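Reader: Hello! I would love a close look at one part of this model, followed by a walk through whatever surrounds it. Could you take me through it step by step?

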Amino acid sequence: MNLPISWLKDFVDIDNLGISLIDFADKMTMSGSKVEKIHHLGSDITGVVVGRIEEINPHPNADKLIVTRIAIGSGEFKQIVTGATNLTVGDYIPVALHGANLADGLKIKKGKIRGEESEGMLCSVEELGHTRAEYPEAPEDGIYIFSEPPKLGLGSDARIALGMLQDVAEFEITTNRPDCFSIHGLVREVAATLNYRLSIIDYQLGKPHLDRVAVEIQNDKLCSRYVAAVVENVKIEPSPQWMRARLMACGLRPVNNIVDITNYVMLEMGQPMHAFDIRAINGNKIIVRNACDGEKITTLDGVERVLDADMLVIANESRAVGIAGIMGGEGSKIVDDTTTILFESANFNGVNIRGSSKRLGLRTDSSGRYEKGLDPNLALACINRALELVEQLGCGDIVPGLVDNYPAPRQVRKLDFDPAKIADLIGIDVDRAQIAEFLGRLGIAVQGNTATIPTFRYDLEIWQDLAEEVARMYGYDKIPTVVAASSNVGGKTAQQHMEDALTETMVALGYSQMLTYAFESPKAFDKLLIPVDNPLRNAVRIINPLGEDTGIMRTNPINSVLTALATNYNRRNQQTRLFELVKVYHPSECGGLPKETEYLVVGGFGSVDFYGIKGVLETIGHTFGLEEPTIGFEPQKSLPFMHPGRTAAYKNLGYCGQIHPQVAENYEIGTSCYVAVLNFDLLRNQANMIKAYKPLPRYPQIQRDIALVVDNAITHGQLSAKIKDAGGKYLRGINLFDIYTGANLPSGTKSMAYSLTFRADDRTLTDEEATKAMDKILAATAEAFGATLRQ
Amino acid sequence: MREKLLQIKDETLANLEKTTTLRDLDELRVAIFGKKGELTQILRGMGALSAEERPKMGEIANSIRQELETALEARKTTLAGAEMAAAMESEFIDVTLPGTRPILGTKHPMTMIIEELCNIFTGMGYEIATGPDIETDYHNFQALNIPAHHPARDEQDTFYVEGGHVLRTQTSPVQIRKMEEGQLPIAIVAPGKVFRSDDIDATHSPVFHQMEGLVVDRGIHMGHLKGALTVFAQTLFGEDVKTRFRPHHFAFTEPSAEMDISCFGCGGDAAKMPTCRLCKGEGWIELLGCGMVHPNVLKNCGINPDEYSGFAFGMGLERIAMQRYNIDDMRLLFDNDIRFLKQF
């Protein structure tokens, strides 16, 4: 909301308060009306003064140019060449002197035009950064001519004469303060902040009933009040310059005197108004009713709109003439030959207006104000103010009386007032009288233990709301700061510690943490070759996604990691290793919240292979104290997006392996990439994070190597399990150190060489005991797999 | 015999000076102390001496032997040192060749900033709390005093999922979940992802991070709120940072405030402020929203607002991280380019 300082001065004598604009902005910000910015309108235009045309002579070298002699005061004259055709001697015009800055960065320099000296430029409103809509008296194509000699005289700043120079404070208004979307509201805040005694005219005067029109409110839930007045013999013309200047400073475009009055009152007091040409209200009856589904109306912007039954319209007996609170109809708008008008000052339901405005895709200054919820008591005051302006501007004859249809007037609200509770919540030591004074500044009267709230402050509902009013008048910055000595033992939960441990481990393993979106495209399922009937396709769907690419919540983390790997592959990044702890989402069976499961996802290409990614899982298993972290890998062939021959399931926790080459191709990754996925919720449940020292061995170990020749189909997993089984209680370590195939081995066989460690905890193991164990291992593997000792 | 001993001593000491390698030295040692060594031979001949002569000669011989052994040992140390030095001289390597670096991973900058903030708050006695990404309308809105049709719902462009649930638009529902547990007093912070249907650009993302804070106890007032958040800001940004609390409006706090911190760019210096890009000439940077927990919110969670009060705060974390790590485009945080990630 913009507050032109000149408008503020109508109410608050700010010049005599000895306060700079910056201090003013700061004080307002600290009392709750945040000043976003102070705009110095017109400050980009410099060096333009008021001049008078003394002579007009033909240009000796150009038929279409003239040479003028301009008085700029103090007995000074300038010669200026121009092509304008609308000038006569004696005209007062804006003159840009040498060095002037005009709109769009135009700089004026003196020089010769076709051989004649020209010491500046005569300006149109466009060259001064404005439009003819804002200065309707300006000629269509020519120099602006002042209608009367500017008060400050020749040589004075033309921006002042044109009303272009304005300081405007732009406020951020919070949603709880619809009253502050008005000059009056802001003025009240300024007065309260600066402790200034205000006198604003009370426009709440009832008037006799007007018979000329009737108003029927069919839905008083959506329209709580409708006030109407009629003005006849209206002369449609531009509004005066001061009014236009204020509208422009607030970002509104001047239209004509009647429309400008409605906008001026809206800005000043916060109540949107509308003016209808009474010819559109044939039958002289206004009906406020719901639209019919599919009912059409062309709004005054010329667009045909289709309405629905939840929208409210202003109608005559046969058709709608406006969409209530949003925009008037084309057929009822004020035009040049309008002679009789009807002013509407009504109160519409904010929630309904917001909904209608959203569905229509039509947001106006009017709807924006209604949306926030207005005080219905404003409606009468504002129509009175509008009529006052009609008189002041002399733009028509007011038909005496008003229609005021207000079935259930809003009453003032009373709140419990307990100054001690208020002071305690704020944490200040302030007495009752001071608190009452703070509230009094805001128009809140205190009597006994009751506070009476004015109807324009319907945001104040409970005593804590009063506490905020007191606190901001007291000054948030003055509330003493208390640093409480905490008796809480804070900290992270076990789960958070485990997440930290996982992150630390992954970083140590050389993987960098990525950050992916939880939503993805349903097409990801196709890219991952997930069959149509696969339960992984059962995703939580977003009803209003940004686009199809973000239409579902991920059901597994593979698309996330492949997308990130693809980004890196596409950018020719080598050796990409990524991980993230992500959530995946599955719809709930019974209507509750979807199930969220945490997964570790790891992926990489370049310096990663199957055994590297498998090692990641083994290391994590070790970090989380799983029993036998290197055991429990089994071939896994059933994941559609994984290479069926190069994927292993890991315990019941997850899997690792190479991405299916077709899937990699779908993601345009032209190299083998590897992933590991671990259900972190399950891992946490199985984890043993308690660290306990086991005594170091006191007796020496015996190491024996064995190379077993077995069929190629026999896996290390099978062989090592059998060795472990047969090796007895002194076997402490099984370490595969070589696999050999080739010459001097029977074809279809391989040699697996293990280094086995034997040790007893309570004595030195004998060679005989080790040999005995080795014999058992040989026998067992021979029996199970036909293994033979490599010769 | 005495003369002989002295002669051996003198000759040996002289020969010792001539040795240049450990091998020479060893030969010399054998020649004197070996089984057939000169000194050994003489000592063997002691038996032939008279009982009177023997102790005297023995004393001399022992003293000479000790002297020679000490000298040999000293020479050995010298020669060994020289030999090692020579060997090392020939073992030089090019120390300017690149080192062998293990691949180290990195934490995401958002993780780092969350850790930093969590450490500050846990140090102040706060617990870390979490909640689901997909929330009920009740927890995300209604319990926070944002009923249906409240304008605050429009401001937070909400993603809706099937079943009437939402992707949480704020971390505030964690407040509700914590209070519903019924354990008082409460002091938590809740970092996490939040979702809003904003198109992605340099300063917006449909997914971003917030951290929520909540303290509920008897007798909590606005002074406590100011104290806690000022300590937080000064720990995060340095002792010199100034805080400013100004009135604001949130549905779930009353009174409400926004906390600004003095701008890191210009420090609020009147001369630098007007051209400061960081604060756009304001001298302050908006850091977080906060306020006293609205009594309706306490009631919704079964807490009696006449007995307990509390404060809450919430802040966006991307902006803090971007300031901290000099990141000028939010998209980089979600792009997952390894060249970006490796910088942290």
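Which domains does the domain assignment of chain B give?

Author: Happy to help, and please keep in mind that this is a predicted model. The assignment for chain B gives domain 1, covering residues 2-90, and domain 2, covering residues 109-341. Taken over C-alpha atoms, the centres of domain 1 of chain B and domain 2 of chain B are separated by 86 Å.

Let us look closely at one helix pair in chain B. Helix α5 of chain B is made of residues 109-123, and helix α11 of chain B of residues 318-325. The two pack with their axes 10 Å apart, at an angle of about 105°. Angles from 65 to 115 degrees count as roughly perpendicular, so α5(B) and α11(B) are roughly perpendicular to each other. On the α5(B) side, the contact is made by Pro109(B), Met110(B) and Ile113(B). From α11(B) come Ile320(B), Ala321(B), Arg324(B) and Tyr325(B). Sorted by class, this contact of α5(B) with α11(B) has six nonpolar residues, one charged residue and no polar ones.

From here we can cross to the partner chain. In all, 63 residues of chain B are in contact with 73 residues of chain A. On the chain A side, the elements giving two or more residues include α2 (21-30), α10 (419-426), α13 (494-508) and α15 (558-570), along with the strands β26 and β29. Helix α12(A) gives the most to this side, with six residues. By class, the chain A residues that touch chain B divide into 31 nonpolar, 28 polar and 14 charged.

Two of those contributors, β26(A) and β29(A), also belong to an open sheet of seven strands in chain A. The strand order is β26-β29-β30-β34-β33-β32-β31, and the pairing is mixed. At the edges lie β26 (512-513) and β31 (633-635) of chain A, each of which pairs on one side only.

Now we can go through some of the pairings. Strand β29(A), residues 576-586, runs antiparallel to β30(A) and is joined to it over eleven bridges; within this pair, Phe579(A) has Val602(A) of β30(A) as its bridge partner. Strand β30(A) also pairs with β34(A), in the antiparallel sense and over six bridges, and there Gly604(A) stands opposite Tyr674(A). At the β31(A) edge, three bridges link that strand to β32(A), residues 642-650, again antiparallel. Glu634(A) stands opposite Ala649(A) of β32(A). Helix α16(A), residues 610-623, lies across β30, β31, β32, β33 and β34 of chain A, and runs at about 20° to β34(A).

Elsewhere in chain A there is a hairpin of β4(A) and β5(A), with five residues between the strands. Its strands, residues 62-71 and 77-82, are antiparallel and joined by six bridges. Thr68(A) stands opposite Ile80(A) in β5(A), while Gly73(A) takes a positive phi near 85°.

To place these parts in the chain as a whole, chain A has 20 helices and 38 strands. Its C-alpha trace spans about 125 × 85 × 60 Å along the principal axes. The radius of gyration of chain A is 42 Å, whereas a compact globule of 791 residues would have one near 28 Å.

Technical notes. Residues are numbered from 1 along each chain as its sequence is written. Chains are lettered from A and ligands numbered from 1 in the order in which they are written. This is a predicted model: local features need pLDDT of at least 70, side-chain atom pairs count only at pLDDT 80 or more; totals for chains, interfaces and linings use all residues. Domain bounds come from an automatic or database domain assignment. Axes are lines fitted to C-alpha atoms, for helices over the stretch in contact, and angles run from 0 to 180 degrees between N-to-C directions. Helices (H or I, at least four residues) and strands (E, at least two) are DSSP runs, numbered from the N terminus. Angles under 35 degrees count as roughly parallel, over 145 as roughly antiparallel, 65 to 115 as roughly perpendicular and the rest as oblique. Two residues are in contact if their C-beta atoms, placed from the backbone, lie within 7 Å. Ala, Val, Leu, Ile, Met, Phe, Trp, Tyr, Cys and Pro count as nonpolar, Asp, Glu, Lys and Arg as charged, and the others, Gly among them, as polar. Two strands pair if DSSP finds at least two bridges between them. The radius of gyration is taken over C-alpha atoms; the globule rule is 2.2 Å times the number of residues to the power 0.38.
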